[in-house]
Protein chains: 2
Amino acid sequence: MIDSSTSLLQQQTHDVIRLAMGSPAHDAIPAALLRQVVGEVLERVGSAAYDYGPTEGEQSLRDALAALLNRDRSTALPDNEFLITSGGMQGLDLTCKLFVEAGDVVAVESPTYTNGLATITSYEGDLLEVPVDRDGMVVEQLAEVVARNRRPPRLIYTIPTFQNPSGTTLSLDRRMLLIDLAAQWGSVILEDDPYRLLRFEGRDVPTIQSLARGRARVVTVGTFSKVIAPGLRVGWVTGEPEIVRRMIDAKQGVDTCTNVPLQLAVAEYLCEGLLDDHLQIVRPCYRSRKYGLQEALSAHLGDMGATWTDPDGGFFLWVSLPGVDTLELFEVALRAGVAFIPGSAFSASAGFRDALRLCFASTGVDRLHEGVRRLRRAIADLCGDTRPHSPKS
Amino acid sequence: MIDSSTSLLQQQTHDVIRLAMGSPAHDAIPAALLRQVVGEVLERVGSAAYDYGPTEGEQSLRDALAALLNRDRSTALPDNEFLITSGGMQGLDLTCKLFVEAGDVVAVESPTYTNGLATITSYEGDLLEVPVDRDGMVVEQLAEVVARNRRPPRLIYTIPTFQNPSGTTLSLDRRMLLIDLAAQWGSVILEDDPYRLLRFEGRDVPTIQSLARGRARVVTVGTFSKVIAPGLRVGWVTGEPEIVRRMIDAKQGVDTCTNVPLQLAVAEYLCEGLLDDHLQIVRPCYRSRKYGLQEALSAHLGDMGATWTDPDGGFFLWVSLPGVDTLELFEVALRAGVAFIPGSAFSASAGFRDALRLCFASTGVDRLHEGVRRLRRAIADLCGDTRPHSPKS
């Protein structure tokens, strides 16, 4: 269904306001700086920039990444506790390759990241859906279900910070509870953490991995996709040495190594302090866009019982539209000139038919308003609403 | 064993002549042109060069690749019969992901590519080793074994052209026989074809896929690693539409897409005709290096019963050294200043203890001679030979 919708989206030639994808705004991608950095590094390194690299990642990037991660650590990240991956997606895939066998129970948030679900399903994991509320995964409910079924999860997949698609952040108390449960059950926690550096308000919550201090096995997946650019396909995984060693072995047989020129470029970008500069620019930009989108939602959908989340960072708002089938709405909205992802794409059991995900990060505030106005018009068209299309329009 | 050897190789600080790796020579990598092409394309495309791309590959690269492959085809390659991958390795991995389940018989050449074996093993395929002679895989023997065991292979993994590690090319007759057998058994043929464009003498033999004309299912894996540069991690797969579609779905959950900037750069490189220019330069260069290495082997190892292959292209010679344990030789040779890959690395059953692989492509002729001289010295040291180290030294 989403496949055909995506293809429909690609076919649309008229002006569509795209609130669907989870990419940084094109205007938030440091294209000119990246081009300069790539040019400099390729000139300096010469032909060695094009050879096979170490499967665990280029040393310059490993050093730069360790320096970045060490800012949040009391002790230096050991060399055998991380590897570079071909984007965060590869980190998810390698973790499933290591830990998910056919029939293993895998606990997932509901809603959760579509491709994360697809990867777990490709390894034939048995999905156990755990609801999400404003404090992230309802870990208490996971505990209850497992206590009833007596079949603990082999893997617990969570996006604890600015969750995709809900935008919520797992509270500190729940992180501690999750660690206790994983330790008790012998489960591995897969902490998918692509948005962490994009906090634009509120206080940092430590990663589950840092809180676990080895009490539970936690694999944490990071990426430069959301903070620099997704097309680079450069990410990383941190975990205990034995897991990292097995992951490097697995990566060897999957893609040999991550592309070398762009690893070198990311290393240079970090070393020159450009990521810090960039984050200083994009964080307030994304913050104002979040508020812009929320205002637009209040103005255009407030009278119809719609509700939405209030994330402290990341890219997404999760919007509930009681009584509206968002899968049906999708094509109507596309004709009205706005794209979103229907809620059911984030569910293993085709739930959330009355919800949708909006990305606020990649669109300016004026266009966000216009997008929501179009969304309202589409809802009115779909539901045969005869009221004025938008209360304030 | 190879792991610890690789690490030993990395620790060596003195001058080592590296005949081990299967990379193009650094002097055969068009680094300056690549840098220029990357710079041009990043300037032209701007921020879109850094966004997520289509999982099946960037359109510009797809067009350029189709034009390249169409030179050998009577009809144009249909759009739904190929995808771009993150290097050839990902093509092998995706094929195994689709077709190898635990306990499935997978026929492999013996010797064969180390990482190919590792990937098949990671999907728990049951390896059936088929010997290789000067005309490639001894397909007649595969037929006999399967006739006896009545358990046909699910997948047949072959590197038919300038095989790694042996350098041999599967004859036309055997290609036809292999297709017949695969059709009869319902087996999928995985045609790993990284060296095809590096023919420097003899006449082209068509790909198994083109010969099969749909009679058997053939997945053909290609890559720019050997003809441009491996660090780019850009390759491709051709196959029937249903296989390609499933492979694109699988790739979505594995790494989302191949890195975009270097896909665009390879497209530009092809469109500007730079690959043709480059092949004109490297083919005669590799040819003279092959003859250089063979002369050195005659001069320094000819008196001890050593034999070697005579490939018409590619990177490798396969050398047999009767009575010499090449795994033991490895460390002695490294101390003597020359690196190779011991034969057993290419065997699923630790065979070929008296063989080794030498890469002639990445080293100039003088250094090839010196490398073989050092190899002879290492053999003498290992075997306690009291004769002069090298008959002509």
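Here are some friendly notes on a predicted model with two chains, A and B, to read beside the structure.

1. **What chain A is built from.** Start by colouring chain A by secondary structure: it holds 13 helices and 14 strands. Its radius of gyration is 21 Å, close to the 21 Å that the globule rule gives for 393 residues, so chain A is as compact as a globular protein of that length. If you would like a feel for its dimensions, the C-alpha atoms fill a box of roughly 65 × 55 × 40 Å along the principal axes.

2. **Inside and outside.** How many of the residues of chain A count as buried? The share is 61% of the 393 residues. As for the outside, the accessible surface of chain A is about 14,700 Å², and carbon and sulfur atoms account for 49% of that area.

3. **Contacts along the sequence.** Take the contacts in chain A between residues at least 6 apart in sequence: 74% of these join residues at least 24 apart. Keep this in mind when you reach P206(A) and R175(A), which are 31 residues apart along the chain.

4. **Charges.** Chain A carries 39 positive and 50 negative charges. The mean positions of these two groups lie 3 Å apart.

5. **How the two copies are related.** In general, a rotation about an axis and a shift along it relate two copies of a chain. Here, a turn of 180° with a shift of 0.0 Å along the axis lays chain B on chain A, with an RMSD of 0.0 Å. The two copies are therefore related as by a two-fold rotation axis. To find where chain B comes nearest to the axis, look for G39(B), whose C-alpha is 3.2 Å from the axis. Both copies use the same surface, as 100% of the contact residues of chain B recur in chain A.

6. **A cis peptide bond in each chain.** Which residues does the cis bond of chain A join? They are N164(A) and P165(A), with omega at about 15°. P165(A) sits in the loop that runs between β6 (155–158) and α7 (172–185). Now turn to chain B, where the bond from N164(B) to P165(B) is cis too, with omega near 15°. P165(B) is likewise placed in a loop, between β6 (155–158) and α7 (172–185) of chain B.

7. **F162(A), a positive phi in the interior.** While you have the loop between β6 and α7 of chain A in view, find F162(A), which also belongs there. This residue is not a glycine, yet its phi is positive, at about 55°. Is F162(A) buried or exposed? With a relative accessible area of 1%, F162(A) is buried, because buried means under 20%.

8. **R150(B), a positive phi on the outside.** In chain B, R150(B) lies in the loop between α6 (139–149) and β6. Its phi is near 50°, again a positive value in a residue other than glycine. R150(B) has 75% relative accessibility and so counts as exposed, since the cut-off for exposed is over 50%.

9. **P206(A) and its contacts.** Finally, visit the loop between β7 (188–192) and α8 (208–212) of chain A, where P206(A) is found. Its relative accessible area is 34%, so P206(A) is partly exposed. Leaving aside neighbours within four places in sequence, P206(A) touches L172(A), R175(A), R196(A) and L211(A). The C-alpha atoms of P206(A) and R175(A) are separated by 9.1 Å.

Notes: Residues numbered from 1 in each chain as written. Chains lettered and ligands numbered in written order. Predicted model: local features only at pLDDT ≥ 70, side-chain atom pairs only at ≥ 80, totals over all residues. Heavy atoms only, no water. Helix = DSSP H or I, 4+ residues; strand = E, 2+ residues; numbered from the N terminus. Rg over C-alpha atoms; globule rule 2.2 N^0.38 Å. Buried < 20%, exposed > 50% of the residue type's maximum accessible area, 1.4 Å probe, protein only. Contact = heavy atoms within 4.5 Å. Areas by Shrake-Rupley, 256 points an atom, 1.4 Å probe, with all protein chains shown as cover. Lys, Arg positive; Asp, Glu negative; His and termini not counted. Charge placed at Lys NZ, Arg CZ, Asp CG, Glu CD. Least-squares fit on C-alpha atoms with pLDDT ≥ 70 in both.
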